[in-house]
Amino acid sequence: MTKKWLLLLIMVLTLALFAFGCAESGEPATEGQGGEEQAGEESTGEETSGGVIEIGVLAPTTGSEAYYGNDMVQSYQMAIDEINEAGGVLGNTLELFVEDDACDAAQAATAASKIISAEPDFVVGGYCSGATIPALQQFYDAGLIMLVSCANSTNITDLALEQTFMINSPGTHAVQTLSALLSSLGVTKVATIHQGDDYTKNLSDICEAQLPEAGFEIVAVEVMEKGAADVSAIVTAIRNAGAEFVYWCGYHADGSNVIKQLRQGGYEGYICCGDGSASPELITACGPDGEGVYVTSPPNVELAEGGEEYIAKYTDLYGTGPGAYSTLCYDTIYVLKEAIETAGSTDYEAVRDAIQNIEYQGLSGLIKFAENRELAVSNFIVMQIEDGAFKLIEP
Amino acid sequence: MLSAGEVILQQLMNGLILGSFYALIALGYSMVYGIIKLLNFAHGDIYMTGAFVGFFVFGILAGTVGSSWGGVILAMLAAMCVCGLLGFLIQLLAYRPLFDAPRLSLLITAIGVSLILYNTVMIITNGEYMFFQHSIPAGGLTFGNVTITWVQLVLLAITAVLMLVLSWFIGTTIWGKAMRAISLDKPTCRLMGINVNKIIGLTFFIGSALAAVAGVMSCVYYGSLHYFMGYMMGIKAFTAAVIGGIGSIPGAMLGGLLLGLLEAAGTQALGSSWKDVFAFSLLIIMLIFKPTGLLGKTEIERM
Amino acid sequence: MEHNENIKLQNIEVTANTAAAEEAAVEEPTVIQRKGIAGAWDNFVEGMYRLVETTKGKILVFGILLIAVGTMPLWASSYVLQVAWNAMFYMLLAIGCNIIVGYCGMCDLGYAAKFAVGAYTSAILVKTFGWNFWLTLPVVIIFAIIAACIMGGPVVRLRSDYLAIVTLGFGEIVRIVARNLEITGSASGISGIPRPYLFGVQLTKIWMWFFVFIILVIIFVIASNRLKNSRFGRALEYIREDEDAAEAMGVDVARYKLWAFIMGTVFGALAGAFYAMQMAAISPNSFQFLQSANILLAVVLGGMGKVPGVMAGAAFFAIFPEVFRDIGEYRMLIFGIALVIVMIFRPQGLWPERRR
């Protein structure tokens with residue numbers, strides 16, 4: 001009997017607490033919900049000058065992508081220091097609040113809620129698409145404007161969140177560029193290799209969808225598990241399929257291994273890498289096998305105007321050169337700065353509209369958004385490895 | 001385009017190479033399992049550690065010994081010693097206190113050790129990939145469109161020699177006999193005056209040294225190394241050990257080679273996105289019909 | 001030994017209040033009074049047992065716990081709530097996994113596959129076919145049973161370590177199949193899942209999910225405890241303690257193991273369905289082997305077979321890395337070290353089943 005009573009007691013207590021929670025915390029919650037606008041308006045009153053504009057950063061500072069995550073944070077920090085030294089934005093100084101998503105969906109959700117709890121004014125970051133997507137939903141729910149610096153899966157566009165902008169060109173742009181390259185080389189039979197995660201598989205899927213329309217044939221789609229070293233069986237399968245052109249959709253770290261094994265396995269056709277492999281490390285790691293390899297790349301800082309200055313400053317500050325996405329992150333902060341200045345405040349609506357209509361010429365090219373909040377103009381370029389360095393190619 | 005015969009020959013070669021990696025690592029799993037019934041989850045990370053030790057030693061030696069086979073062999077020996085000791089120490093500090101505890105606790109400890117190794121290397125390398133640059137001449141034997149490089153041949157030779165030595169060691173030496181005896185009946189061995197703890201330590205030493213060989217070989221063959229390279233390799237090698245019959249030494253070798261060949265066949269026939277499904281499905285089907293693995297013995301065991 | 005098993009069999013056949021006799025019959029190494037922190041923890045756990053044995057103590061402990069947890073949304077930030085939610089989610093998984101691992105003694109290295117089944121079933125029905133989330137739950141249960149029969153069929157006849165590899169194999173198969181199929185959204189998974197409604201309110205805020213999960217945890221705990229104290233639960237315990245003897249005494253080992261497997265899968269699948277709704281996005285990367293290892297780890301760390309124990313293990317697992325979030329990459333290293341140390345000093349887990 002006592003057991004039953006106890007059960008009943010627990011149930012009643014829980015329900016009571018539930019009702020209590022609904023009634024009581026309903027208010028602060030709705031406050032939080034409208035808070036974006038309210039807080040925004042309130043803060044504009046106070047923050048016209050001398051205040052702090054806090055920017056949350058979601059980046060994988062630990063885990064397999066830690067190298068890129070830390071590079072992102074350093075690039076943001078560099079931009080922010082520059083802006084603060086020059087007097088800040090509308091008299092306010094910028095400040096970063098970094099949280100680690102470890103490139104993992106569950107950790108990203110926790111990191112996002114930690115960022116939201118810290119009540120920043122804006123959020124930037126996002127490297128791994130798979131980890132970024134659950135966090136985006138949370139930022140949307142919390143009414144925080146999010147600028148996605150690196151992740152460029154079209155799944156982010158498909159979410160259609162009105163405050164989420166992608167600074168990096170999506171995969172569809174990469175494949176347009178690839179298509180131009182294929183035409184200029186005069187090949188038709190293409191094989192893709194991806195790594196089974198959101199970003200690389202997405203790129204490969206876009207190839208499968210777009211290239212046949214442009215008159216090319218996809219003869220093989222293969223997957224190399226991240227960190228699984230052996231691709232020799234894949235190489236043989238690709239050769240057997242008669243591919244003339246291999247598009248590596250994965251990251252540079254495994255890319256060098258793939259290129260080497262393709263060459264060792266007797267593949268003699270063209271090789272091209274996606275933007276995940278656009279890193280100088282690809283050249284050093286590939287050695288002689290890398291000669292002649294193409295890369296569809298986000299704007300390369302070495303080839304950009306004012307790029308040398310940027311590299312020198314970055315290297316001076318952090319001791320290593322900037323990574324492939326560094327300028328995108330750097331520009332992200334400047335886009336935000338310009339939008340806040342155009343809006344004249346940190347008000348949610350005003351800044352969102354300002355970003356939507358922005359035209360900013362950054363180190364990574366022209367940043368201007370289409371209706372779906374992707375970049376309106378592709379920023380992709382084609383490079384080729386020649387004598388141990390990247391050379392710009394006009395396809 | 002390759003002819004059907006060439007494809008088969010090339011895929012056989014690919015499978016054998018991959019299989020020899022699996023086999024070397026599976027041996028460590030199998031030996032340890034045979035003797036203390038532990039699925040040593042840290043074993044894949046020992047393979048990874050071996051690769052890094054080899055990488056750093058090679059970097060130091062490259063100036064004096066040169067960056068060709070000489071340097072590689074020395075790096076391999078160094079990695080074998082370091083990883084052997086590491087395996088021994090892990091066994092001493094983390095596993096020995098738990099030999100009489102529930103077996104799942106031991107398994108969790110192994111996962112903990114794996115986390116420690118994995119994260120230590122991650123912190124040391126800053127999460128970045130390392131690239132192993134050697135000057136071993138390229139080229140090899142060519143049959144029509146099929147090329148077998150010298151590196152591949154040397155790797156196969158090293159694997160074959162190590163397996164023969166290990167078979168001899170387990171089969172004829174007094175320590176090998178003690179190992180086999182312990183895996184049959186630990187308490188009785190103790191009564192017979194066998195220093196059980198010493199033999200267990202030796203098993204860990206040998207298993208870890210073999211994993212280190214595989215690690216350095218993968219540096220040479222694949223050219224890149226990273227802190228999570230042991231994860232997938234560990235799972236696959238574990239699978240290989242079970243296919244062969246866990247606890248059986250020839251079984252581990254056979255299982256490793258077989259898994260490598262299966263994966264190559266799966267990639268060719270079904271595409272690489274289904275190759276793991278293919279391999280794991282065959283594993284499960286095989287276990288239904290032959291639950292002890294190919295060369296495993298039926299035994300009565302208790303959790 | 002033979003004598004003990006006879007007593008145990010009778011226990012299974014006779015009434016429920018023989019639990020004490022049954023436990024007494026289980027031969028266990030006697031607990032030695034230890035010194036230092038380990039000893040203090042032993043004493044603490046023992047004291048807690050004594051406390052919750054009395055009805056007053058039960059009400060006191062659970063009451064305080066419930067009030068503390070129930071009022072959390074009033075004083076805690078959404079980050080703390082998110083972590084608490086995460087902890088509760090792991091608790092659900094651990095309670096489910098505990099049926100397979102703790103009650104029945106099977107080593108399951110593929111539990112992530114089981115919650116993937118629930119998460120995907122629910123997410124596909126809600127996102128692609130526009131179902132109401134609550135209506136998908138019966139379908140989730142049906143799919144879980146089917147999946148458990150497919151996965152469990154070959155498993156139940158195997159002994160522990162082969163069982164471990166088969167569950168691991170199924171875990172990988174489920175993940176890769178989910179990644180390759182169109183309907184599961186391939187590698188990107190399914191995102192933008194609309195949040196369900198409860199009492200006319202859409203569950204978008206973390207504090208709402210917090211309460212939903214509290215109720216889920218309570219339901220899971222009650223269900224799991226009832227299962228344990230049933231005839232079925234005692235049969236499982238018998239199988240865990242000595243499979244051969246159980247079989248010899250006429251317990252249909254394969255059938256009971258399969259049922260344990262089905263139960264564990266249903267629990268996991270339900271937890272997965274709610275997980276998919278809270279996250280609003282799932283992808284194959286959430287169901288990696290590491291996830292399975294983590295769940296098993298929570299169960300063994302907490303103390304196999306004991307529901308509060310596995311809950312404590314799950315909470316430890318979810319909260320520990322968050323407490324050490326600021327030290328960045330060192331936290332998982334420290335977690336590994338802590339894990340090894342806890343296992344060495346408390347191999348039976350933090351809060352194991354009490355054995356006299």
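## Contacts between chains B and C, and the domains of chain A

In this predicted model, 38 residues of chain B are in contact with 37 residues of chain C. Three elements of chain B give two or more residues to the side that touches chain C: H4, helix H9 (229–244) and helix H11 (275–289). The largest share of that side comes from H4(B), which supplies 13 residues. By class, the side of chain B that touches chain C holds 28 nonpolar, 8 polar and 2 charged residues.

Helix H4 (residues 103–125) of chain B may be followed further into this region. Its axis and that of helix H16 (residues 330–345) of chain C come within 8 Å and cross at roughly 155 degrees. An angle over 145 degrees counts as roughly antiparallel, and H4(B) and H16(C) are therefore roughly antiparallel to each other. Their crossing is left-handed. On the side of H4(B), the residues that make the contact include Ser105(B), Ile108(B), Gly112(B), Ile116(B) and Ile123(B). On the side of H16(C), Tyr330(C), Leu333(C), Gly336(C), Val340(C) and Met343(C) are among them. The contact of H4(B) with H16(C) has 13 nonpolar and 6 polar residues, and no charged residues.

Chain B as a whole contains 11 helices and 4 strands. Its radius of gyration is 19 Å, close to the 19 Å that the globule rule gives for 303 residues, so chain B is as compact as a globular protein of that length. The C-alpha trace of chain B spans about 60 × 50 × 35 Å along its principal axes.

Chain A is described here by its domains. It is divided into domain 1 (49–169 + 304–363) and domain 2 (172–297 + 381–393). The centres of these two domains of chain A, taken over C-alpha atoms, are separated by 29 Å. Their contact takes 10 residues from domain 1 of chain A and 10 residues from domain 2 of chain A. Helix H4 (129–141) and helix H5 (154–159) of chain A each supply at least two residues of the side of domain 1 that touches domain 2.

The table sets out the residue classes for the contacts described above.

| Contact or side | Nonpolar | Polar | Charged |
|---|---|---|---|
| Side of chain B that touches chain C | 28 residues | 8 residues | 2 residues |
| Contact of H4(B) with H16(C) | 13 residues | 6 residues | no residues |
| Side of domain 1 of chain A that touches domain 2 of chain A | 3 residues | 7 residues | no residues |

How values were computed
Residues are numbered from 1 along each chain as its sequence is written. Chains are lettered from A and ligands numbered from 1 in the order in which they are written. This is a predicted model: local features need pLDDT of at least 70, side-chain atom pairs count only at pLDDT 80 or more; totals for chains, interfaces and linings use all residues. Axes are lines fitted to C-alpha atoms, for helices over the stretch in contact, and angles run from 0 to 180 degrees between N-to-C directions. Angles under 35 degrees count as roughly parallel, over 145 as roughly antiparallel, 65 to 115 as roughly perpendicular and the rest as oblique. A crossing is left-handed if the near helix is turned anticlockwise from the far one by less than a right angle, and right-handed if clockwise. Two residues are in contact if their C-beta atoms, placed from the backbone, lie within 7 Å. Ala, Val, Leu, Ile, Met, Phe, Trp, Tyr, Cys and Pro count as nonpolar, Asp, Glu, Lys and Arg as charged, and the others, Gly among them, as polar. Domain bounds come from an automatic or database domain assignment. The radius of gyration is taken over C-alpha atoms; the globule rule is 2.2 Å times the number of residues to the power 0.38.
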